[in-house]
Amino acid sequence: MVRVDGKSENSLVKVRGVDKVYRRGSEDIHVLQGLNLDVDAGDFVAFMGPSGSGKTTLLNLLGGLDLPTRGTITVAGDEITSMSGTKLTAWRARHVGFVFQMYNLIPVMTAFQNVELPLLLTNLSKAQRRSHVETALEVVGLSDRMNHSPNQLSGGQEQRVGIARAIVADPTFLLCDEPTGDLDRKSADEVLNLLDRLSKEFKKTILMVTHDPLAATRADVTLHMDKGVLIDGAREGAIA
Amino acid sequence: MKYSRILLANLFRKKIRTTLTIGSFAVALLLFGVLAAVRVAFSQGANSAGVDRLVVRNKTSIIQPLPLSYKNDILRLAGVKEVTYLNWFGGVYQDEKNFFPQMAIDVPTYRKVVPDVGVTDAEWKAFEDDRQAAIVGRSIADHYHFKVGDHIPIKGVIFQGAWEFNIAAIAKGDNAAGDILPFIFHEDYLEEKRTYGKGTVGWYVVRVENPDNSGKISQAIDAQFSNSPFETKSDTEKEFAASWGKQLGNIKLIIMTIGAVVFVTLLLVTGNTMATSIRERVRELAVLKALGYSDRFVLWLVLSEGLTIAVLGGILGLLLAIVVIPGMSKALAGLLPPLILLPSDTALGLAFALGAGVLSTLLPATSAMRLRVVDALRRV
């Protein structure tokens, strides 16, 4: 269940009264204003809206990459807005899987090595890491490309490696910032099928920012943002 | 160890750039090694100088002579044990480029003042018995292939004319003295053939009974000859040897200046390289942070890259120096004492490389550490 009225109690992600203000010269830019949001475990939520509406800022706040000017964010019982920088970094490693528009793979490392990066922060043995990476690459259908470097992969394949990297440590939720924004239709569909599968088959919680209406149709719920405010616009019920 | 893959991947991202940066460190450390060996060579004379010996020279300049009559005046002073004297000869062997130091010595007194010549009693006796005999240091003998019994022609530059010597011995002491000993021969032979300056000497070497009184005796000698046409300046032999080095300029200052310039240049080159490298992968570092890598890890990663380059370049440069210096030493035999790269200088060089690595990488590493993920990901 996704709500934007701040009245849910047991949701996985709880956003309460979040403001984000940037200062440009002497002017205050209010990017997010009094935002409330509740997302349950297993939800696949799409955020749509014009450029500058605050979608990516919201994603950054949910992922602990930035802090709100006001308000609180709680994920699985942890209030991330009160965490220190070091604690937040450790929390991110454990709970968040990022999927970026530009894939952001390390070009001098193979697909296997890129996917392994989050696991280097764990106490897993080399054999355990290998097993996890192979499983993740198998899920995204790239077992046969694990020793290829990013420049030997197509854009769609690179994004699938990016998704494998995001899921390999089994995070609490996935944050996808325009995951199909740099792909052709066919590759975009492959990536969306994969996200769909992760949601339905593996019960992953996914929050996705997109400009693509077709991508948004894959989500359980689509929320529209405008001028830093979430607008009730669910495709299917469940939103208060 | 599990993070070494990230380090290596970044190091070999631009192979040519990494190789050139390692190369710049190697060249700097090669230069450092050679300069350190030259510095050691210049200080060898000072290091082998006797603590109980004073050198008395003309106050105006070392090239101005002193009267031979001063010998007995000095000998009469309290605390003086023995006095000998030398004259700089300044000749060339066969060709102008074959220069090496030659000195005429007062044979009867020399060994009483300077016992560590590096020859046996029998060799010294053979030297004493032949008026045209000469003793030559090992490095000069090796360079010019002189052997005992050779008849050597030397062309006089200061004392014009053709001079002939018989090699009576090759000095090879168990300390550096044998190596750095120049070409010494009889003062009597010089006195007999010289056409000017008869009855004068280049400088005196005085052996004192108690080294603790060296200062007082120096003052007494200089006081004795003050206000005379040939005023003296007396120093310990160590100071005198060091002042010889200064005749060629302040070697230490030159070395320090070159070293400092190389160091600063190296800092700029490496700092710029690392800064460029960081700029090129701001997004990648931001992604690492987004994945959960800490600010401290990013600092460590960038510092490690700089340190790896510095250590590899430093070791390479010092190994090159170890290979090159013996060849240089051979080529410069006779002009300079043997060139030796001391273990302490090798360690200093490595520390220098490490310091340069840390200093040059600190700024880019700090800026990488402070990088805000959201800002970096926004950059194209």
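# Exercises on a predicted two-chain model

In chain B, four residues lie between β7(B) and β8(B), and the two strands form a hairpin. The model is predicted.

**Exercise 1. Work out how β8(B) pairs with β7(B) and with β6(B).**

Solution.
Step 1. Locate the hairpin strand β7(B): residues 151-156 of chain B.
Step 2. Count its bridges to β8(B). There are six, and the pairing is antiparallel.
Step 3. Check one pair. Pro153(B) has Glu164(B) as its bridge partner in β8(B).
Step 4. Turn to β6(B), residues 133-137. This strand pairs with β8(B), residues 161-171, over five bridges in the parallel sense.
Step 5. Check one pair here too. Ile167(B) of β8(B) stands opposite Ala134(B).
Result: β8(B) pairs antiparallel with β7(B) and parallel with β6(B).

**Exercise 2. Describe the domains of chain B and give the separation of their centres.**

Solution.
Step 1. Domain 1 comes in two stretches, 4-45 and 250-378.
Step 2. Domain 2 covers 60-230.
Step 3. Take the centres over C-alpha atoms. They are 47 Å apart.

**Exercise 3. Trace the five-stranded open sheet of chain A and find its edges.**

Solution.
Step 1. Write the strand order: β1-β3-β2-β5-β6, with antiparallel pairing.
Step 2. Look at the two ends. β1 (2-3) and β6 (78-79) of chain A each pair on one side only, and these are the edge strands.
Step 3. Follow β1(A) to its neighbour. Two bridges join it to β3(A), residues 27-39, and the strands run antiparallel.
Step 4. Pick out a facing pair: Arg3(A) is opposite Asp38(A) of β3(A).

**Exercise 4. Decide how compact chain A is for its length.**

Solution.
Step 1. List the elements: seven helices and 11 strands.
Step 2. Compare radii. The radius of gyration of chain A is 18 Å, close to the 18 Å that the globule rule gives for 240 residues, so chain A is as compact as a globular protein of that length.
Step 3. Add the extent. The C-alpha trace spans about 45 × 40 × 40 Å along its principal axes.
Step 4. Add burial. Of the 240 residues, 50% are buried.
Step 5. Consider contacts between residues at least 6 apart in sequence. In chain A, 70% of these join residues at least 24 apart.

**Exercise 5. Characterise the side of chain A that touches chain B.**

Solution.
Step 1. Count both sides. 18 residues of chain A contact 16 residues of chain B.
Step 2. Find the main contributor on chain A. Helix α2(A), residues 85-95, gives the most, with five residues.
Step 3. Sort the chain A side by class: 11 nonpolar, five polar and two charged residues.

Terms used. Residues are numbered from 1 along each chain as its sequence is written. Chains are lettered from A and ligands numbered from 1 in the order in which they are written. This is a predicted model: local features need pLDDT of at least 70, side-chain atom pairs count only at pLDDT 80 or more; totals for chains, interfaces and linings use all residues. Domain bounds come from an automatic or database domain assignment. Two strands pair if DSSP finds at least two bridges between them. Two residues are in contact if their C-beta atoms, placed from the backbone, lie within 7 Å. Ala, Val, Leu, Ile, Met, Phe, Trp, Tyr, Cys and Pro count as nonpolar, Asp, Glu, Lys and Arg as charged, and the others, Gly among them, as polar. The radius of gyration is taken over C-alpha atoms; the globule rule is 2.2 Å times the number of residues to the power 0.38. A residue is buried if 20 or more other C-beta atoms lie within 10 Å of its own, exposed if 12 or fewer, and partly exposed in between; C-beta atoms are placed from the backbone.
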